[in-house]
Amino acid sequence: MLARHDQVARRFAAACRTGDTAALWAVLAADAIVVSDGGGKVRAPVHPTYGADAVARMVTALLIGQPGTELTVGSVNGRTGLVLRRAGQAVAVVSVSVAGAEVTAVWIVLNPDKLQRWHR
């Protein structure tokens with residue numbers, strides 16, 4: 001099960017890294033959800049977003065194509081996830097839930113207070 005999670009999470013990460021929205025959409029379940037936490041300190045949606053199309057748009061807006069952003073794959077909550085950094089400072093930590101070969105949920109922490117331990 002962890003091996004499958006790792007494989008799907010890495011496909012998700014590769015799509016984010018390259019900005020390949022078709023590959024991103026392909027790895028998302030039709031009823032996928034994204035939840036983000038900005039803690040009122042950074043701009044982030046207040047409510048969860050549902051559906052592969054909406055999730056792909058949100059992930060694209062939050063995680064893809066930000067100049068100077070380094071995306072690394074590593075352990076997040078004991079499973080494969082993503083850490084995005086700019087100038088060594090974490091700007092997002094992402095974990096995913098997986099079923100079969102698809103991402104069913106994307107959890108994005110954007111709150112700077114919660115990201116401090118992820119800084120280099």
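In this tour, strands are DSSP runs (E) of at least two residues and helices are runs (H or I) of at least four, both numbered from the N terminus. Keep in mind as you click along that this is a predicted model.

**Stop 1: the sheet**

Switch to a cartoon view and colour the strands. Six strands form an open sheet in the order 2-1-6-5-4-3, and the pairing is mixed. Its edges are strand 2 (49-50) and strand 3, each of which pairs on one side only. As background, strands of a sheet pair through backbone hydrogen bonds, either parallel or antiparallel.

**Stop 2: from strand 3 to strand 4**

Select 69-76, which is strand 3, together with 79-86, which is strand 4. These two run antiparallel and share eight bridges. For landmarks, show Gly74, which stands opposite Gly81 in strand 4, and then Thr72, whose bridge partner in strand 4 is Val83.

Now follow the chain around the turn. Strand 3 and strand 4 make a hairpin with two residues between the strands. Pick Asn77, which sits in the loop between strand 3 and strand 4. Its phi is near 55°, a positive value in a residue other than glycine. Is Asn77 buried or exposed? Its relative accessible area is 70%, so with exposed meaning over 50%, Asn77 is exposed.

Click on Gly78, in that loop between strand 3 and strand 4. Gly78 is exposed as well, with a relative accessible area of 57%. Then add Leu2 and draw a distance between the two C-alpha atoms: Gly78 and Leu2 are 76 residues apart in sequence, yet 9.6 Å apart in space.

**Stop 3: from strand 4 to strand 5**

Keep strand 4 on screen and add 89-99, which is strand 5. The two strands pair in the antiparallel sense over five bridges. Label Leu82, which faces Val94 in strand 5 across the pairing, and Leu84, whose bridge partner there is Ala92.

How many of the eight residues of strand 4 are buried? Six of them are, so strand 4 is largely enclosed by the rest of the structure.

The turn here belongs to another hairpin with two residues between its strands. Zoom in on Ala87, in the loop between strand 4 and strand 5. Ala87 has a positive phi of about 50° although it is not a glycine. With a relative accessibility of 80%, Ala87 counts as exposed.

**Stop 4: from strand 5 to strand 6**

Add residues 102-109, strand 6. Strand 5 and strand 6 are antiparallel, with seven bridges between them. You can pick up Val94 again here: it stands opposite Ile108 in strand 6. This pair of strands also forms a hairpin with two residues between them, and in its turn Gly100 has a positive phi of about 60°.

While the side chains are on display, recall a general pattern: in a regular strand the side chains alternate between the two faces of the sheet.

**Stop 5: the helices across the sheet**

Bring up residues 2-18, helix 1. Helix 1 lies across strands 1, 3, 4, 5 and 6, and runs at about 25° to strand 4. Inside helix 1, select His5. His5 is buried, because its relative accessible area is 3% and the cut-off is under 20%. Which residues does His5 touch, leaving aside its neighbours within four places in sequence? Show Arg79, Thr80, Val96 and Val98, which are in contact with His5.

Then select residues 52-63, helix 3. This helix lies across strands 1, 2, 4, 5 and 6, at about 40° to strand 1.

**Stop 6: the largest pocket**

Finish with a surface view. The largest pocket has a volume of about 160 Å³. To see its lining, select Val42, Arg43, Leu62, Leu84, Arg86, Ala90, Val91, Ala92, Leu110, Pro112 and Leu115. Leu84 and Ala92, the bridge partners from strand 4 and strand 5, are both among these lining residues.

Which element gives the most to this lining? Strand 5 does, with three residues. Strand 4, strand 5 and helix 4 (112-115) each supply at least two. Colour the lining by class and you will find nine nonpolar residues, two charged ones and no polar ones.

How values were computed
Residues numbered from 1 in each chain as written. Heavy atoms only, no water. 1 Å grid on protein atoms, 1.4 Å probe; cavity = no way out; pocket = protein on both sides within 12 Å on 5 of 7 lines; lining within 4 Å. Points joined across faces, edges and corners; volume = space filled by probe spheres on them. Nonpolar A, V, L, I, M, F, W, Y, C, P; charged D, E, K, R; others polar. Buried < 20%, exposed > 50% of the residue type's maximum accessible area, 1.4 Å probe, protein only. Pairing = 2+ DSSP bridges. Contact = heavy atoms within 4.5 Å. Axes fitted to C-alpha atoms, helices over the stretch in contact; angles between N-to-C directions.
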